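Reader: I would like to learn how to read the features of a model like this one, step by step. Could you take me through them, giving the general idea and then the case at hand?

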Amino acid sequence: MSTHLSGGRLNVALLQESMRKELLNLLQLCEGPKVTIWDEWLAGPVGLVAQYSLLKEHEVADMFPLRPGSLPTISVKHIVFIARPKLVLMDLVADYILSLRSKQNVPVEFHLFFVPRKSELSEKHLKDRGVLSNLSIQEFKCDIFPFDSDVMSLELQNDFRENYLEGDPTCLYNAAQALRTIQHLYGIIPRVFGKGPAAKQVWDLLCRLNKEDQGSPPKGSPTSCIDQLLLIDRAIDFTSVMATQLTYEGLIDELFGIKNSTATFPGEKFVSADDASPEVTAREKKRVILNSSEELFAELRDCNFTAVGAALSKKARVIKTQLDERHNDKSVQEIKQFVSRLPQMLANKQSLATHMAIAEYVKETTDSFEFHDTIQCEEDFLNCVDNEKACPFIEDLIAQKAPLTKILRLICLQCVTGSGFKPKLLEYYKREIVQVYGLKTWLTLCNLEKCGLLRAQTGGRQYAVLRKTLRLTMDESELDANEKSYLSSKYVPLVVRLSEHIAKNKGWTGILDVLNSLPGPTVDELQTLQPRMARRNSVSSDNSSSLENPRVILVFFIGGCTYNEISALRSISHQEDSNVEYVVLTTKLINGNTFIESLIENE
């Protein structure tokens, strides 16, 4: 069990242990040595549940990615495919089985573990390919992957695109099933809030699943470890995704990408003075695991990047002072104590060197004129300055043929903060992009319009009202120290204000007018300990204290969540007057670039 997962009020390590047992029980069904062939998208997230060393202990002889091509000759009895129920992956599974069947001399048993559930469409496809009879099919019900003591993710690859563009609601069903898993492990959540079309759909699906559970004996804790659930549809707040993240972890994700708690950097700045082969180190990519198991990263990750340099300098002085103690006159007992602390000190020193190198890489970008101009442009949009006319900075970027993702991100930010464009301005931007980047971008622009990221102005200025009513942007003088730490261009993510409000006011009371200006229905429901919907004021006495004084609020982002939003929620839970801990569940960890890229139509 990973210790960094059990550091909060909600023991996320329980989830990891549950998923790990599920996988190992499935592998034990295949007695003897086995080879696993993984859906490439799942290999990283499942590594957070069960590492390769653990699988080797359970007779997994080798692992291969599920991709086009042929496998080497396999001399084991069991071949296990672990994949999502996607037709393109089923074709690869069928190709492998047909290929292996023709060239293997020894008899082989094929197994397919669907993650998180099988689908009739996939089974029919395998049957049409003539391989279903060769397969033993199981479900590996791994709905949720634990990232940290307060972060869990479903890691659905293109959930927002599938739901809003392609009209495929499978991701919403997976989200409801994930909540069902959470309630089986941690107890029924007594109070549920939500906003947005997807939030309401997930809640309705969860109620339906709860009704199906009524006949079976209750699972999990009789009292809930989670006091409130807040369902947030990504479509109610695009602004927080489009704005550049300015926290340490957020910037690492923006510039280098964090995948399954791991980031990859060029090797040059990681070369140390005592490195035996500096040329090799400089050439190789450096992979760094980023989670709260490392004390220094836990301290730095939620800081605004401008404060990281000072924090690293302070840490360097502390480590130097500790190591210099060895030169002082000491008794035998003191020397023994120093030696026992030495491994931890050396680990801290190595950790400091790693983060100094990462900070240098990030600083190279943040010191550039282009970065400062981008942040200034975003800040103007967030403060509703000049967001009704063509932006000269965006026009210059288009003329320079800057990366399309960057331009679309800025235009979308201008659009959502202006609550839409005037029709002439919208047509102007579309024409400029198509003329410079080619006709192939037209489908992408249509996608952005369909999602509501690009649209013409209709009626009121929702963002301007939200900004003033909920204090989404503030002057330097209005900010407290906590807010300064996580702000992107002095902007507070909408979810932070909504989370603060339901924690302090026990519900939506007082901001219903504001909520009505956001798209989609509002959810405000009670659940009893019996897993079914309840009438108002019928909640059991066991839950009444948690309703009055919520201690753990689960915030579920349907459509993706940024590291900046996670940092902001952590910061408000660390305030002195706060007794609330926020735990984040998301369908996927995203940033503005990955979000826009998921909506771009490839050739």
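Author: Let us begin with the aromatic side chains, bearing in mind that this is a predicted model. Phe-160, Tyr-164, Phe-238 and Phe-595 come together as one aromatic cluster, and a search of the whole structure finds 14 aromatic pairs.

Reader: How are the rings of Phe-160 and Phe-238 arranged with respect to each other?

Author: Such a pair is read from two values, the distance between ring centres and the angle between ring planes, with planes over 60 degrees apart counting as edge-to-face. The centres of Phe-160 and Phe-238 lie 5.8 Å apart and their planes stand at 85°, so this pair is edge-to-face. The pair links distant parts of the chain, because Phe-160 belongs to helix α6 (residues 159-164), whereas Phe-238 sits in the loop between β9 (228-233) and α9 (239-242), and 78 residues separate them.

Reader: Which kind of aromatic pair do Phe-238 and Phe-595 form, and where in the chain is Phe-595?

Author: Phe-238 and Phe-595 form a tilted pair, with 6.1 Å from centre to centre and 40° between the planes. This pair, too, links distant parts of the chain, since Phe-595 is in helix α26 (residues 592-599), 357 residues away from Phe-238 in its loop between β9 and α9.

Reader: Are these three phenylalanines, Phe-160, Phe-238 and Phe-595, buried or exposed?

Author: A residue counts as buried when its relative accessible area is under 20%. Phe-160 has a relative accessible area of 4% and is therefore buried, Phe-238 is buried at 6%, and Phe-595 counts as buried at 2%.

Reader: What should I look at when two helices pack, as α17 and α19 do?

Author: Two packed helices are described by the angle between their axes and the distance between the axes. Helix α17 (residues 404-417) packs against helix α19 (residues 441-451) at an angle of about 30°, and their axes are 12 Å apart. Because angles under 35 degrees count as roughly parallel, α17 is roughly parallel to α19. The crossing in which α17 passes α19 is right-handed.

Reader: Which residues of α17 and α19 meet?

Author: From α17 come Leu-404, Leu-408 and Cys-412, which meet Thr-441, Thr-444, Leu-445 and Leu-448 of α19. By character, the residues of this contact divide into 5 nonpolar and 2 polar, with no charged residue. As a general guide to reading such a list, an α-helix has 3.6 residues a turn, so residues three or four places apart point the same way.

Reader: What else does Asn-447, in helix α19, touch?

Author: Leaving aside residues up to four places away in sequence, Asn-447 touches Arg-161, Leu-165, Leu-599 and Glu-601. Asn-447 and Leu-599 are 152 residues apart in sequence, yet their C-alpha atoms are 6.4 Å apart in space. With a relative accessible area of 11%, Asn-447 is buried.

Reader: How many residues of helix α10 are buried?

Author: Helix α10 (residues 248-255) is mostly covered, with 7 of its 8 residues buried. These buried residues are Tyr-248, Glu-249, Gly-250, Leu-251, Ile-252, Asp-253 and Glu-254. After α10 comes Gly-257, which has a positive phi, near 80°.

Reader: Which backbone angles deserve a second look in the loops?

Author: Most residues other than glycine have a negative phi, and most peptide bonds are trans. Asn-260, a residue other than glycine, has a positive phi near 55° and is found in the loop between β10 (258-259) and β11 (262-265). Ser-419 likewise has a positive phi, near 50°, and lies in the loop between α17 and α18 (423-437); at 1% relative accessibility, Ser-419 counts as buried. As for peptide bonds, the one from Val-115 to Pro-116 is cis, with omega near -5°, and Pro-116 lies in the loop between β4 (109-114) and α5 (120-128).

Reader: How many helices and strands are there in the chain, and what share of its residues count as buried?

Author: The chain has 26 helices and 15 strands, and 53% of its 603 residues count as buried. Among contacts between residues at least 6 apart in sequence, 78% join residues at least 24 apart.

Key:
Residues are numbered from 1 along each chain as its sequence is written. This is a predicted model: local features need pLDDT of at least 70, side-chain atom pairs count only at pLDDT 80 or more; totals for chains, interfaces and linings use all residues. Side-chain values use heavy atoms; hydrogens and water are left out. Axes are lines fitted to C-alpha atoms, for helices over the stretch in contact, and angles run from 0 to 180 degrees between N-to-C directions. Helices (H or I, at least four residues) and strands (E, at least two) are DSSP runs, numbered from the N terminus. Angles under 35 degrees count as roughly parallel, over 145 as roughly antiparallel, 65 to 115 as roughly perpendicular and the rest as oblique. A crossing is left-handed if the near helix is turned anticlockwise from the far one by less than a right angle, and right-handed if clockwise. Contact means heavy atoms within 4.5 Å. Ala, Val, Leu, Ile, Met, Phe, Trp, Tyr, Cys and Pro count as nonpolar, Asp, Glu, Lys and Arg as charged, and the others, Gly among them, as polar. Buried means under 20% relative accessible area, exposed over 50%, partly exposed in between (1.4 Å probe, protein chains only). Rings of Phe, Tyr and Trp (its six-membered ring) pair if their centres lie within 6.5 Å; planes under 30 degrees apart count as stacked, over 60 as edge-to-face and the rest as tilted.
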